[in-house]
Amino acid sequence: MYDPANGVDGQVRDVCIEGDRIVADLPANAPRLDARGMIVMPGGVDIHAHIAGSSVNQGRRLLPEEHVADPVPAPRLADGAPARSGTGGTIPSTFTTGYRYAGLGYTTVMEAAVAPLAARQAHAELDDTPIIDAGCFVLLGNDDYLLRQLAGGESTHAREYAAWLLGVTRAYAIKIVNPGGVARWKTGGAERNVSGIDDPVGSSSVTPRKILEALAGAANALELPHPVHIHCNNLGQPGNVATTLATMRALAGQRAHFTHLQFHSYGGERGKGWTSAARDVIEHVNAHPEVSVDVGQVMFGPATTVTADGPVEYLLHASTGRKWVNLDIELETGCGIVPYSYKETAAVAALQWAVGLELFLLARDPWRVVLSTDHPNGGSFLSYPRLIRLLMDRAYRDEQLKRVNQKMLAGSALRDGLAREYTLSEIAVVTRAGPARLLGLKSKGHLGPGADADVTIYANDPDRAQMFATPRHVIKGGAVVVEDGQLRRAPAGRRLVVRPEYDPAITRDLRRFFDDYACVEFANYGAEPVA
Amino acid sequence: MSPAARTVEHVTCLGCGCACDDITVVVKQDRIAETRNACALGTVWFGDGQIPQDARVNGRPTSLEQALGEAARTLEAAKRPLVYLAADLSCEAQREAVALSDRLSAMLDSLTGAAAAGVLAAQRRGRAGATLGEIRQRADVIVFWGVDPAERYPRFAARYAVEPRGLATPRGRASRTVIAVDVGAGRGPADADARVAIAVGDEVDALGVMRATVQGRVASDEARFRGSPELARRMSEGRYVTLVADGEPGAAPGDPDRAEALVTLAQALNGPTRCALVVLRGGGNRSGADAVVTWQTGFPFAVDFAPGFPTYRPHAGAAALLATGEIDAALVIGSPASIPEPLLRGLAGLPSVAIGPRASTATFQPAVAVDTGVAGIHEGGMAFRMDDVPLPLRPPLAGPPTAAGALRALRERLGA
């Protein structure tokens, strides 16, 4: 058993399950599942993936060729229970998404970016995503209501507004994407993005820094289980390490989570080449215990970039010529989608791959550095097992390193040689115990009494990619969903939500704003069921 | 015992793809007496809310149980069934329909089959778009391409595109320049600040010339494109441009090259400025069918489950298969009145099950008919606006069994 939250590091232990919970013990005649010689961990927790909602569905619609190439007949469940067919690719259909995550031993997944206007759709799609428990991160930080409040010097409303929005959209946490940048993209005119955290957004009282401070402050004042989840300005740009560090410093001392950090850890300069700045970034993370991150590793192969960061997606379309979806979402945010492919032969992709691995291997505290590929932006969640092998197996990693384009790897720590190999315990931290703790999910990510009975049992295969790709048994909420490697049961998962209290006075102000500008009724806004 | 009169606010109208959710419905003695804020088209869509509540087998009234039993038998006996999504269904009902299609290994298609050109162009190239409220907030140049929304989308101009004040358009109509492009008989709105006329046969090339102009490539000085380069320049100088085209078939079926040219022009305009293409779609929550079918199968319409998993047959969907006689039974869900004429002809003479509003009056004489409520009038749940924004339904009346409920019961009988 590997249960790092409870100090179990490879000892032989029993796990007792009663109903949907782990309990301290059971009578001697309780039915037994023999896991001798196997590796037992809590069910996987994916802190950041794009699996449901309007942007994700636009992505599905955009990629029929991927679905045609990856048909998925319905699994044969035990007792003839009905199951659903679907299609895969980088953005699978909903039933297939649930089945595949469960097949990978993941039992909790957070949908990373939901526009409030379309929250109702995100929940409907999650209702059709079986097995996994799920929560939504709701997008804030480019919404016109907030920006007007800040412009008027009223940042104190941010707390009530955020609390109201989290509840009405049935969300779990606040997501911030390119704060101020998407607003500029939608405004039109000469400025199409921000380039620094002190750039004015419509008014000098509104800057990315001020937006971040208002929302981080709100999240912490509300004592939300997960802090603001931040996609920094300048994603994907050479030299963006400066923006990333400036952002982290702006929020120093406060809890904040920085997502897909790999895309924000580049040195160099536009037109002059790229370098890895992973060392600088991870040094800051190491030294600041209030900061948590997920890596957003790039894995070679097909990907689909789907993000609220409209201006970034425009640039990707313009530079690659790939097909492109942009959707400006009224009064709130936006969405951009470009299919992509990371190639070992491409210098930039090779650098990105190296940067991600450097962040992992130079991190001192695995509890604050979570495994992710920003699915499907850096690669599919199905590539997690290969990533785990890269972290655990130096020989394999070095072999892969030899095959990639070395052109931009001068000065890269990985190229210089990083000997570290993640242990099984550390993998258990970065794929379950750590994200559960960072999300404030007290009954997830561990196997102590009282925890949800989400358990993954692996064969102890020395090929760690093979091992993590094919769990032998997966238990979700006490039900054995995967048995001997086959999906046998597909119960519905639960939705993880927060409902912080708020001062009702905020709704009076919001109604005025809706009356003036909105194209949906205030009463119809959000994801709550109506009478 | 219902009160004499009651008022239901914030009701979503599904008369067209505008999906206006600000309708106040006044109900008197269980009939809709008033629909405040609704346009003429919406008022007709709501009607008085009275609908048949029959279940019939071979035209004879029977119990719902018996009808569903016969429906299950009919569909299970089929070797090549069709499931067709017509109008006026909630997303909840649409989800049940996809489950049934999966179970029956059916061809699943919808009204979107008739609007395929735009959908396919967007799959080939993507789309630069925006939700309708963003047009209201920002658009300072609006180009209506061969369409006057007043006819089929009556409140579009008032709610979204032209008249209302927005964050960046504080004077409403006065903050915007409206340009009407008349393409043959397809004319833009009468109230336009400028007009450009293009012959139908020149339309695709004109769009190409415009795109070339926007991209700074050499355009054409041919007389037949006169006006196009200038229009393109005018659009490039806008702050936030909106290009509006009708996605529903008109006199002629959708031209894939035209659809693609509109998409790529809008995309190209995001170089010099910002631009969104709005594709107008019809009502009855057909955009909901696109969303639901996409998330559950990966494809938006024409999904063939015959191999045991979803496959995509946009050129061999309901219309084609009915025409070739390949379908041997059909489950038609939604309002039969919304079904295009060629499909109605194909359905006549087939063993069919109709479940939806006024199913019992379907002209193709289904073997089994189950009357249900209309989504948004009798049936709650979720529906989508034409720009893919989800909205809740607040049905003002109770009515016959819901389509979602009837389909769920059918699923249970079929072990789905």
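This is a short walk through a predicted model with a chain A and a chain B, beginning inside chain A, moving on to chain B, and ending where the two chains touch.

Let me begin with strand 10 of chain A, which covers residues 133-140. Eight of its eight residues are buried, so the strand is largely enclosed by the rest of the structure. If you look along it, Asp133(A), Gly135(A), Phe137(A) and Leu139(A) point one way, while Ala134(A), Cys136(A), Val138(A) and Leu140(A) point the other way, and all of these are buried. That pattern is a familiar one, because in a regular strand the side chains alternate between the two faces of the sheet.

Which strands, then, pair with strand 10 of chain A? One of them is strand 9 of chain A, residues 106-114, which runs parallel to strand 10 and is joined to it by five bridges. Within that pairing, Glu111(A) stands opposite Cys136(A). To get from strand 9 to strand 10, the chain passes through helix 4 of chain A, residues 119-127, and this β-α-β crossover is right-handed. Strand 11 of chain A, residues 173-177, is also parallel to strand 10, with four bridges between them, and here Leu139(A) stands opposite Lys175(A). Finally, two bridges join strand 10 to strand 25 of chain A, residues 495-496, again in the parallel sense, and Gly135(A) is placed opposite Leu496(A).

Staying in chain A for a moment, I would like to point out an open sheet of five strands, in the order 5-21-22-23-24, whose pairing is antiparallel. Strand 5 (38-42) and strand 24 (486-487) stand at the edges of this sheet in chain A, each with a single partner strand, so one side of each is left without a neighbour in the sheet. Further in, strand 22 (residues 473-476) and strand 23 (residues 479-483) of chain A pair in the antiparallel sense over three bridges, with Val474(A) standing opposite Val482(A).

Let us now turn to chain B. The domain assignment divides chain B into domain 1 (5-43), domain 2 (51-114 + 284-413) and domain 3 (129-269). The C-alpha centres of domain 1 and domain 2 of chain B lie 25 Å apart, and the contact between these two domains takes 14 residues from domain 1 and 14 residues from domain 2. On the domain 1 side of that contact, strand 1 (5-11) and strand 2 (23-28) of chain B each supply at least two residues, and strand 1 of chain B gives the most, with three residues. Sorted by class, this side of domain 1 of chain B has nine nonpolar, three polar and two charged residues.

Chain B also holds an open sheet of nine strands, in the order 5-4-18-17-16-6-7-14-15, and its pairing is mixed. Why do strand 5 (60-61) and strand 15 (311-312) of chain B each have one side left without a neighbour in the sheet? They stand at the edges, and that side is left free because each has a single partner strand. For strand 5 of chain B, a pairing can be described with strand 4 of chain B, residues 55-57, which runs antiparallel to it over two bridges, and Val57(B) stands opposite Arg60(B) there. Packed on this sheet is helix 10 of chain B, residues 286-297, which touches strand 6 (81-85), strand 7 (107-110) and strand 14 (303-304) of chain B, and whose direction makes about 150° with that of strand 7.

That brings me to the place where the chains meet. The contact takes 57 residues from chain B and 49 residues from chain A. On the chain B side, helix 5 of chain B, residues 132-138, gives the most, with six residues, and by class that side has 24 nonpolar, 18 polar and 15 charged residues. Strand pairing also passes between the chains, as strand 18 of chain A (residues 324-329) and strand 8 of chain B (residues 126-130) pair in the parallel sense over five bridges, where Ala130(B) is the bridge partner of Asp328(A).

I will finish with a single residue, Gln123(B), which is found in helix 4 of chain B, residues 116-125. Is Gln123(B) buried or partly exposed? With 19 C-beta neighbours inside 10 Å, Gln123(B) counts as partly exposed, because a residue is buried only from 20 or more. Leaving aside residues up to four places away in sequence, Gln123(B) touches Arg61(A), Leu62(A) and Pro64(A). Within its own chain, Gln123(B) lies 9.7 Å from Glu260(B), C-alpha to C-alpha, although 137 residues separate the two in sequence.

Definitions and conventions
Residues are numbered from 1 along each chain as its sequence is written. Chains are lettered from A and ligands numbered from 1 in the order in which they are written. This is a predicted model: local features need pLDDT of at least 70, side-chain atom pairs count only at pLDDT 80 or more; totals for chains, interfaces and linings use all residues. A residue is buried if 20 or more other C-beta atoms lie within 10 Å of its own, exposed if 12 or fewer, and partly exposed in between; C-beta atoms are placed from the backbone. Two strands pair if DSSP finds at least two bridges between them. A crossover is right-handed if, with the strands pointing away from the viewer, the path from the first strand over the helix to the second runs clockwise. Two residues are in contact if their C-beta atoms, placed from the backbone, lie within 7 Å. Axes are lines fitted to C-alpha atoms, for helices over the stretch in contact, and angles run from 0 to 180 degrees between N-to-C directions. Domain bounds come from an automatic or database domain assignment. Ala, Val, Leu, Ile, Met, Phe, Trp, Tyr, Cys and Pro count as nonpolar, Asp, Glu, Lys and Arg as charged, and the others, Gly among them, as polar.
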